[in-house]
Amino acid sequence: MTAAYHARLVELTAARGNLCVGVDPHEPLVRAWGYDYDLVGLERVSRGLVEAIGDQVAVFKPQAAFFECFGAPGMQVLARVLADIAQAGALSILDVKRGDIGSTMAAYSRAYLSGQTDLTADAITISPFLGFGSLGPAVELAHQTGRGLYVLCRTSNPEGGDVQLAVRDGRSVAQQMVDAAKAANEASGQHAVGLVIGGTLDKLDLDLEGFSGSILVPGIGTQGGRIDDLDSLFGVAAANVLPSASREVMKAGPQRESLRSVVERLGGYPNSR
Ligand SMILES: O=C(O)c1cc(=O)[nH]c(=O)n1[C@@H]1O[C@H](COP(=O)(O)O)[C@@H](O)[C@H]1O
């Protein structure tokens, strides 16, 4: 069996830099790349992005919504994008933000983490707001198959705090997610459970001390998050941060050299090809 997700991530980010590029082919971007907003445009833009920078970045994060909105044929395009990412030697985090009761979560896990479907990714995003315990089947399967999870914790959107900063027994909901993810990693020794914490926060209202998993940090660029601020925002946890940008990179397309330059500027592998 190949190494587990976290070990592969550490190795790849050491070689290619720690930028995660989001594959978010939304309508204005598809049109700006010169295509109609249809299945052909969806496929050209998303696969074209991976083709242009696939050797330069450690991780891609396809946003499932932009494929789902074209129905089953859109999901077939997503499967081809996931295959392209693997072919380029990069890792995929499929952004599906799933979260449900245990039995349903087991089915979502089979879809995305089992290795038995063409929608299997190296890691997925999951939503813990039915209770961290409801994610058990995903945690178990990720450990079994050597894949990764990113649990929503403190999201980049301004409304996120309404729920995530609610306090019970002296700990915010977000802090409870940090503590539960940390406990799951300590129990397994695999570091498979990561967190999602937005790069748009002014200050970190969380204690990440001792958390050893990966921290996905979306919101870089278009939403206002800045890579240069992440060291001071995350402090000791900065070494585990995986900054993620979608529109900020994709808007440089379709020109290959422009895409490669923006990746390099944001911290991907130098534009040497
Ligand atoms: O899980 C995510 O990736 C995510 C969490 C979060 O807190 N905020 C957030 O923007 N995202 C996703 O990250 C991407 C951000 O896109 P850009 O703002 O274009 O970089 C979208 O696919 C969002 O769904």
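These numbered points go through a predicted model, from the whole chain down to single residues.

1. Overall size. The protein chain contains 12 helices and 10 strands. Its radius of gyration is 18 Å, close to the 19 Å that the globule rule gives for 273 residues, so the chain is as compact as a globular protein of that length. The C-alpha trace spans about 55 × 40 × 35 Å along its principal axes.

2. Burial and contacts. Of the 273 residues in the protein chain, 48% are buried. Among contacts with a separation of 6 or more, 72% join residues that are 24 or more positions apart.

3. Annotated span. UniProt, in an unreviewed entry, lists residues 18-262 as "domain: Orotidine 5'-phosphate decarboxylase". In the model this span is 41% helix and 18% strand, and its end C-alpha atoms lie 14 Å apart.

4. Ligand surroundings. There are 18 residues around the ligand, and those that come nearest are Thr155, Ser156, Pro218, Ser246 and Arg247. Sorted by class, the shell has 11 polar, 4 charged and 3 nonpolar residues. One of the nearest residues, Arg247, is also where helix 11 (247-250) begins.

5. Cis peptide. The bond from Gly253 to Pro254 is cis, and its omega is near 5 degrees. Pro254 sits in the loop that runs between helix 11 and helix 12 (256-266).

6. Helix 9. This helix has 16 residues, and the distance from its first C-alpha to its last is 23 Å, close to the 22 Å expected at 1.5 Å a residue. Its buried residues are Ala174, Gln175, Met177, Val178, Ala181, Ala184 and Asn185. They pack against two other helices, helix 7 (136-145) and helix 8 (161-164), and against strand 5 (148-154), strand 7 and strand 8. After helix 9 comes Gly189, with a positive phi near 70 degrees.

7. Positive phi at Asp169 and His191. Asp169 is not a glycine, yet its phi is positive, about 50 degrees. Asp169 belongs to the loop between strand 6 (167-168) and strand 7 (171-172). Asp169 counts as exposed because it has 5 C-beta neighbours inside 10 Å. His191 is another residue other than glycine with a positive phi, near 55 degrees. The loop that holds His191 runs between helix 9 (173-188) and strand 8 (193-197). His191 is buried because 22 other C-beta atoms lie within 10 Å. A check of the backbone could start from these two loop positions, Asp169 being exposed and His191 buried.

8. Helix 1. Both His6 and Ala15 are in helix 1, which covers residues 5-16. His6 is buried, with 21 other C-beta atoms within 10 Å, whereas Ala15 counts as exposed, with 9 C-beta neighbours inside 10 Å. Leaving out residues up to four places away in sequence, His6 touches Gly148, Gln190, His191, Ala192, Gly213 and Ser214. Among these contacts is His191, the buried loop residue with positive phi. From His6 to Gly17, 11 residues along the chain, the C-alpha separation is 15 Å. Ala15 and His26 are also 11 residues apart along the chain, and their C-alpha atoms are separated by 30 Å.

9. Pro73. This residue lies in helix 5, residues 71-87. Pro73 is exposed because 12 other C-beta atoms lie within 10 Å, and the cut-off for exposed is 12 or fewer. Pro73 and Leu39 are 34 residues apart in sequence, while their C-alpha atoms are 7.6 Å apart in space.

10. Leu204. This leucine is placed in the loop between strand 8 and strand 9 (215-217). Leu204 is partly exposed because 14 other C-beta atoms lie within 10 Å. Beyond its neighbours within four places in sequence, Leu204 is in contact with Leu233 and Phe234. The C-alpha atoms of Leu204 and Leu233 are separated by 6.1 Å, and the two residues are 29 residues apart along the chain.

How values were computed: Residues are numbered from 1 along each chain as its sequence is written. This is a predicted model: local features need pLDDT of at least 70, side-chain atom pairs count only at pLDDT 80 or more; totals for chains, interfaces and linings use all residues. UniProt positions are given in the numbering used here, feature names are shortened, and annotations may be inferred rather than shown by experiment. Helices (H or I, at least four residues) and strands (E, at least two) are DSSP runs, numbered from the N terminus. A residue is near a molecule or strand if its C-beta atom, placed from the backbone, lies within 6 Å of it. Ala, Val, Leu, Ile, Met, Phe, Trp, Tyr, Cys and Pro count as nonpolar, Asp, Glu, Lys and Arg as charged, and the others, Gly among them, as polar. A residue is buried if 20 or more other C-beta atoms lie within 10 Å of its own, exposed if 12 or fewer, and partly exposed in between; C-beta atoms are placed from the backbone. The radius of gyration is taken over C-alpha atoms; the globule rule is 2.2 Å times the number of residues to the power 0.38. Two residues are in contact if their C-beta atoms, placed from the backbone, lie within 7 Å. The expected span of a helix is 1.5 Å times one less than its number of residues.
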